[in-house]
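Colleague: Could you take a close look at one part of this model for me, the second largest pocket, and then tell me how the rest of the chain is laid out?

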Amino acid sequence: MSRTNRSPIRRGLELTGPMQNYVDLHRHAAVRCRFLDHPAIALRLMVAHAIAGSSLWQVRREPQRAANETVAASLAASKAEAAFAEKRREVLALLGQSDEDGPLAGGNGDAFALANVFARLLALSDDDVLRVLAIVMAETLEAGSAVIEALGNHLSVDMAAFWQPDDGFFELLRGRDIANLMLADIGGKPVADGNVSEKVKTQKKIIRDFLAGENGREKVETWLPRWMKFPAESYTNRGGFRTADHWAKVRHLFVSE
């Protein structure tokens, strides 16, 4: 039989499955051992994983789900949200994504995307990497959790710098007794006692008069309901205020008695 008529020689893959596994695990062992001597690189790779994800990393952003349109509209107009969005745009620019205006963390695990973000982070200074890290961590903070209470108290967050009672707050405020206690906070006990039998709508209007300095009420420049302070406080002992409950559970970890 002539050479040209012979069947082509069939060759398998260069490595068998077990050999590929052998190579993978030994290379992994060597890289991660060497990796321990480079914490700055580890930091960058960790941030890259939180941004892009991998088959082993699944990071979820806080969805900030609003209970209704009133809550959604109030949050959309939030001074804190606007400031956060601006800082995130600055970080996206650092990563070469200046044309984007969306979330940073919680990628779908694409390996090329992970390598791309890692390469970008390797080119940044430690200070800039920490800026990226702060945005990623902020995006993945769980709303309504004990960690928000712990962090807010540790940082001595002044809610008055970011929030003032708005239409949404007053629309959602229910309960004549609660409104009266708030009125005592902002206008004093005599004013609250004098209006204790008034409808909640009336008492809320008086509170707003104090905030605006209208209808003969002396203007109160800054007022925070107890619910919005750090640490949060209840108005009654009835329970049902989850925020205060969270702080009560972790308070001993952050406050010296």
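Modeller: Here is the pocket, followed by the overall build and a few residues elsewhere.

Keep in mind that this is a predicted model. The second largest pocket holds about 320 Å³ of space. Two elements each give two or more residues to its lining, namely helix 1 (17-35) and helix 2 (39-52). Helix 1 supplies the largest share, with 4 residues. If you want to select the lining, pick His28, Val31, Arg32, Phe35, Leu45, His49, Ser54, Ser55, Leu56 and Trp57. By character, that set splits into 5 nonpolar, 4 polar and 1 charged. The charged residue is Arg32, because Arg is in the charged class. The polar group takes in His28, His49, Ser54 and Ser55, because His and Ser belong to neither the nonpolar nor the charged class.

Now zoom out. The protein has 12 helices and 0 strands, so the run of elements from the N terminus reads α-α-α-α-α-α-α-α-α-α-α-α under the DSSP assignment. As for overall shape, the radius of gyration is 28 Å, whereas a compact globule of 257 residues would come out near 18 Å. The C-alpha atoms fill a box of roughly 115 × 45 × 35 Å along the principal axes. Buried residues account for 27% of the 257. The accessible surface is about 17700 Å², and carbon and sulfur atoms own 54% of that. For contacts between residues at least 6 apart in sequence, 65% link residues at least 24 apart.

One place to see contacts across the sequence is Asn153. This residue sits in helix 7 (residues 146-154). Asn153 counts as buried because its relative accessibility is 17%, and the cut-off for buried is under 20%. Setting aside neighbours within four places in sequence, Asn153 is in contact with Phe230, Pro231 and Trp247. Two of those partners, Phe230 and Pro231, are joined by a cis peptide bond, with omega near -5°. Pro231 itself belongs to the loop between helix 11 (200-212) and helix 12 (242-254). Trp247 falls within the range of helix 12, so Asn153 in helix 7 touches both that loop and helix 12 by the heavy-atom contact criterion.

That loop has another backbone feature to check. Asn215 also lies between helix 11 and helix 12, and its phi is near 55°, a positive value in a residue other than glycine. Asn215 counts as exposed because its relative accessibility is 59%, and exposed means over 50%. Ser156 shows a positive phi as well, near 50°, and is likewise not a glycine. Ser156 is found in the loop between helix 7 and helix 8. With 60% relative accessibility, Ser156 therefore counts as exposed.

Going on from that loop takes you to helix 8 (residues 167-172), which includes Asp167. Asp167 is exposed, because its relative accessibility is 52%. For a distance to check in your viewer, try Asp167 against Pro103: they are 64 residues apart in sequence, and their C-alpha atoms are 28 Å apart in space.

Notes: Residues numbered from 1 in each chain as written. Predicted model: local features only at pLDDT ≥ 70, side-chain atom pairs only at ≥ 80, totals over all residues. Heavy atoms only, no water. 1 Å grid on protein atoms, 1.4 Å probe; cavity = no way out; pocket = protein on both sides within 12 Å on 5 of 7 lines; lining within 4 Å. Points joined across faces, edges and corners; volume = space filled by probe spheres on them. Rg over C-alpha atoms; globule rule 2.2 N^0.38 Å. Buried < 20%, exposed > 50% of the residue type's maximum accessible area, 1.4 Å probe, protein only. Contact = heavy atoms within 4.5 Å. Areas by Shrake-Rupley, 256 points an atom, 1.4 Å probe, with all protein chains shown as cover.
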